[in-house]
Amino acid sequence: MDDDRILERERLQIELIRELDFEELQVEEVEEDSPDSDEDDLAAFRVTSDTRLSDNLGADELIFNPDVASLHTYLGEVEDTPNRIAFVDGGTVLKLPLFYLEGVVLFPESTLPLRIIQSSFLAAVERALNQTNAPCTIGVIRVYREGHQFKYATVGTTAEIRQYRRLSDGSFNVITRGQQRFRLKRRWTDVEGFPCGEVHIVDEDVPLRTPRDAFGKLVPVSNLRDVGGNVLTGHVPACFGNLSRIEFLTLASNQLTGGIPTELGMMKNLKWIYLGYNNLSGEIPYQLGELSSLKHLDLVYNNLSGPIPPSLGDLKELAYMFLYQNQLSGQIPPSIFSLKNLRSLDFSDNSLSGEIPELVSQLQSLEILHLFSNNLSGKIPEGLTSLPRLQVLQLWSNKFSGEIPASLGKHNNLTVLDLSTNNLTGKLPDTLCDSGNLTKLILFSNSLHDVIPPSLSECQSLERVRLQNNKFSGELPRGFNELQLVNFLDLSNNNLRGNLGTWDMPQLEMLNLGKNKFTGEFPDVSRSKRLKKLDLSSNGISGVVPVELTTCTELMDLDISDNEIPGVIPSELSSCKNLVNLDMSHNNLTGDIPSSFSDFPVLSDLDLSCNQLSGKIPKNLGNIESLVQVNISHNLLHGSLPSTGAFLAINATAVAGNYNLCGANNVSGLPPCHVVRKTSTKSWWFVVMLTFVAFLAVLVSGFFISLVVQRKHNVLKGERVEQEDGTRWEIQFFDSRFIKSLTVNAILSSLNEQNVFVDKNGVKFVIKKVNKYDTLPDLSEIVKLPEHRNIIKLVATCRSEEVAYLIHEDVEGKRLSDILNCLSWERRKNIMTGIAEALWFLHCRCSPPVVGCDLSLDNIVVDVKDEPRLLLGLPVLIFRCRRKRRIKSPREDRKGKGIAEAEGGGAAAFQIKGSTLLSRKCHRATKLTLIHIGSSCGKTKASHGREARKKKETQKQKTEIGEDEVEELEEALQA
């Protein structure tokens with residue numbers, strides 16, 4: 001590049017870069033075995049990915065070393081940091097936490113993602129986030145090693161923490177971005193164990209970008225070790241092949257496109273290629289296999305496709321190979337498994353297929369193997385069990401089948417094992433924790449079976465265990481609930497059983513035991529005070545909710561649904577101020593909803609459905625501003641809904657199936673509440689006396705009026721009509737209000753599939769055809785049946801010589817046969833009570849008495865108010881009775897020749913045309929009905945003698961039905 005083709009400003013920037021990068025750095029040599037060396041500072045940090053190395057590594061590996069398994073592999077969600085600053089003036093002196101990076105130069109405008117786990121390093125991040133002179137800023141200095149010595153530069157880059165997120169295990173995900181260059185003036189170790197330094201900001205143009213044609217200008221420099229690290233676009237220049245002396249090629253975190261030039265194979269001194277986080281495409285050139293000195297190959301997060309070149313197996317010095325997050329396909333070349341110096345291999349998140357060969361046993365130096373999120377199949381090779389340094393094995397989300405090798409972990413140094421989301425079967429090996437360093441055991445979503453091996457109870461290093469969605473059975477091994485370091489445990493959706501007992505796990509934050517077969521008492525988790533989520537759903541737990549549960553003050557999610565938990569809800573549960581989701585549905589909980597629930601400050605989802613909770617809903621429950629969803633359906637609650645908060649838009653299904661709830665909003669589907677206005681204290685006695693006198697007057701007047709009205713209405717109106725075709729029809733009315741609207745033509749024209757007639761006033765009627773017309777009594781024998789709230793009203797009859805129809809009132813509701821299986825015991829009791837009252841009314845309040853024996857489920861309608869209504873056919877609905885004077889024997893009754901009748905006229909049996917209408921089943925149903933409502937319309941002589949003694953029992957039986965009597969009555973109703 002000619003000088004006259006470069007702008008003066010860009011030329012100055014080039015010179016500044018060269019001045020800063022190639023100046024004679026002041027270095028301090030540190031002996032590795034010196035106890036007072038600065039290695040203590042370097043070892044104060046440990047930045048790593050989720051694939052944590054063992055704790056006995058050397059100090060040189062406790063620095064941020066990009067050679068170690070791509071430290072940003074597991075970077076998760078992050079959030080923007082507040083109160084950031086863009087740049088400071090040149091010449092400014094700042095005191096910053098210092099981060100040492102081995103083998104990396106952080107350039108301004110470059111991105112550096114980190115995963116931080118060690119306490120001293122966490123303290124450094126906390127200091128940077130909270131410092132006032134340079135908020136969210138750290139200092140980054142390059143450190144490299146020559147022989148047994150560490151060397152660090154005195155020129156570094158400030159890095160702004162742009163985003164961060166604290167994870168559940170206490171570690172940090174951090175994304176930093178290079179800002180400005182500085183010179184290090186002095187440094188020291190903070191009391192919290194991390195290095196700090198006083199830095200002098202270099203006065204230069206900001207933001208510093210790589211000038212146009214900078215690569216061509218810097219090529220002649222003989223001691224250039226790193227190129228890249230800026231926001232670059234375009235293709236990777238092919239002229240890089242001429243840079244024969246370069247050892248490190250760093251072009252990561254840019255916007256480079258195109259393919260990887262084959263000329264890179266000519267850079268024979270390259271030890272490290274870092275082209276990750278770009279948009280490179282095409283295939284990996286096989287010429288890279290000619291770089292005999294290469295130790296680190298990183299091409300992650302690109303769009304590379306095609307197979308992995310077998311020539312990469314010729315890189316005998318290669319220690320780290322990272323090709324994850326691309327579109328590579330085909331099988332893993334067998335030559336890869338001949339790289340005996342390979343320490344970390346990551347081909348994850350590609351489309352690789354085939355099997356892992358047994359040649360993997362040749363990788364005796366391998367520490368980390370990541371092949372997850374591919375299409376690999378076959379069995380997990382036995383060769384993996386013979387790798388003595390293997391620490392991290394992650395093969396999840398593939399298609400592996402068969403059993404886990406029986407000796408896996410016995411000769412390894414496993415710290416992380418993740419084989420989840422495969423098709424693995426068989427038992428869990430008991431050697432997985434033989435190294436004593438296993439921290440993560442993740443095997444969910446397979447088909448593993450048998451018991452959990454007792455050896456896991458002795459694995460004291462475990463921190464995270466996920467065995468859900470398998471087929472494990474039996475009881476938990478003894479001591480499994482006493483692992484002191486476990487913070488995450490998920491055993492859900494298995495076949496585990498037994499009692500849960502006491503959980504002494506002080507670090508436990510998430511415990512999921514749902515969808516198993518655990519029984520017995522509620523587990524004692526009071527010793528796990530850091531617990532944030534507890535899921536015991538879909539088991540058979542039958543113990544009450546203990547008050548000790550409230551000691552878990554950090555609890556955020558509690559799900560104990562679908563168990564058999566009895567008793568009341570402890571009001572002390574409101575002391576869990578962090579509770580967001582509470583699900584106690586489908587249990588046997590009783591009592592009131594605690595009014596203290598309104599003290600939950602962040603509660604969002606509350607489900608108490610399908611229990612036996614009673615009383616009123618606490619009004620202040622609607623005052624929880626965070627509450628979004630509430631479900632209180634299928635309980636015994638009554639009263640009004642709160643008119644605030646989440647109850648304003650509550651769904652009808654969330655309040656259905658209660659005893660007597662009302663509400664002011666239309667969304668809930670509940671009837672409106674009646675407003676009761678209070679009267680003054682002075683007029684209270686006057687109102688009571690006036691009401692009592694008026695009641696007596698109405699009672700006396702009603703008695704005489706009812707006699708007149710009953711006599712008038714019992715005289716039924718009849719009408720005979722002859723149509724044009726000569727057919728004669730007889731209409732008999734039981735309600736004079738519908739004489740004008742119900743005509744023969746109107747009735748016959750309404751006969752269709754639904755047989756529903758609507759008059760001009762909008763009143764609906766149901767037309768029912770009489771199946772056995774020959775049993776219909778004569779017109780002169782039909783008497784009107786008095787109205788009852790549990791009997792569907794008969795309005796009229798219409799018949800000719802060939803056919804007859806019954807016209808009933810239309811009742812909105814469902815037949816009992818359609819909804820019986822969905823009813824709770826309380827609703828069944830209410831329905832049976834209503835039918836019993838209807839039968840008692842027919843037997844004892846009608847004159848003459850009426851018997852309706854067809855108590856099939858299809859003849860009972862449950863209306864919208866949950867009230868049962870009995871539909872009677874005409875042959876058993878209305879008739880003129882002929883009373884018998886004697887009691888026939890059961891034998892005669894079974895033959896249909898006699899009818900039993902209680903002396904004094906009460907619950908009698910009657911005949912129409914010689915047929916006995918009241919069978920033994922009807923006697924049985926009537927008897928149970930009378931027991932339930934506690935009254936009798938007819939008494940035998942023997943019953944008169946016992947009446948006084950059983951008066952109290954009868955009163956009690958009016959409101960209670962024992963479980964055996966309920967079953968007997970239901971069988972009678974179904975019969």
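**A first tour of the model**

Colleague: The side chain of Thr385 reaches which residue's backbone oxygen?
Modeller: This is a predicted model, and the distance is computed from it. The gap is 2.6 Å, and the oxygen reached by the Thr385 side chain is that of Glu382.

Colleague: Where in the fold is Thr385 found?
Modeller: Two strands frame the residue. They are strand E22 (375-379) and strand E23 (392-394), and Thr385 is found in the loop between E22 and E23.

Colleague: Is Thr385 buried or exposed?
Modeller: The relative accessible area of Thr385 is 8%. Buried means under 20%. Therefore Thr385 is buried.

Colleague: Which residues is Thr385 in contact with, leaving aside its neighbours within four places in sequence?
Modeller: The loop residue Thr385 lies between strands E22 and E23. Its contacts beyond four places in sequence are Pro405, Ser407, Leu408, His411 and Asn412.

Colleague: Now the whole chain. How many helices and strands are there in the protein chain?
Modeller: The protein chain has 975 residues, and 50% of them count as buried. Its elements are 14 helices and 55 strands.

Colleague: Among contacts between residues at least 6 apart in sequence, what percentage join residues at least 24 apart?
Modeller: This count leaves out pairs less than 6 apart in sequence. Of the contacts that remain, the share joining residues at least 24 apart is 53%.

Colleague: What is the mean pLDDT of the protein chain?
Modeller: 71% of the residues reach 70 or more. Residues 1-7 stay under 50, with 10 contacts beyond four places in sequence. Residues 206-229 also stay under 50, with 64 such contacts. The mean pLDDT over the chain is 75.

Colleague: Which residues touch the most other members of the largest nonpolar core?
Modeller: That core holds 126 residues. A second, separate core has 22 residues, among them Leu112, Val125, Cys136 and Phe194. In the largest core, the residues that touch the most other members are Leu297, Met321, Phe347, Leu489 and Ile632.

Colleague: What does Ile632 touch, not counting residues up to four places away in sequence?
Modeller: Ile632 is one of the residues with the most neighbours in the largest core. Its list holds Ile593, Ser609, Ile617, Leu637, Leu641, Phe647, Ala654, Val655, Asn658 and Leu661.

Colleague: Why is strand E3 largely enclosed by the rest of the structure?
Modeller: Strand E3 spans residues 93-102. It is largely enclosed because of its buried residues, which number 8 of the 10.

Colleague: Which residue in E9 does Leu96 stand opposite?
Modeller: E3 and strand E9 (residues 195-201) pair in the antiparallel sense over 5 bridges. Opposite Leu96, in E9, stands Gly197.

Colleague: How many Å apart in space are Leu101 and Val143, C-alpha to C-alpha?
Modeller: Leu101 lies in strand E3. It counts as buried, at 2% relative accessibility. Leu101 and Val143 are 42 residues apart in sequence, yet their C-alpha atoms are separated in space by 5.6 Å.

Colleague: Which are the edge strands of the open sheet E39-E41-E43-E44?
Modeller: The sheet has 4 strands, and the pairing is parallel. An edge strand here pairs on one side only. The two are strand E39 (590-591) and strand E44 (660-662).

Colleague: Which residue in E44 does His638 stand opposite?
Modeller: Strand E43 covers residues 636-640 and pairs with E44 in the parallel sense over 3 bridges. Opposite His638, in E44, stands Asn660.

Notes. Residues numbered from 1 in each chain as written. Predicted model: local features only at pLDDT ≥ 70, side-chain atom pairs only at ≥ 80, totals over all residues. Heavy atoms only, no water. Core = buried A, V, L, I, M, F, W, Y, C linked by side-chain atoms within 4.5 Å. Buried < 20%, exposed > 50% of the residue type's maximum accessible area, 1.4 Å probe, protein only. Contact = heavy atoms within 4.5 Å. Polar contact = N/O pair within 3.5 Å; in protein donor to acceptor, adjacent residues only side chain to side chain. pLDDT = per-residue confidence, 0-100. Pairing = 2+ DSSP bridges.
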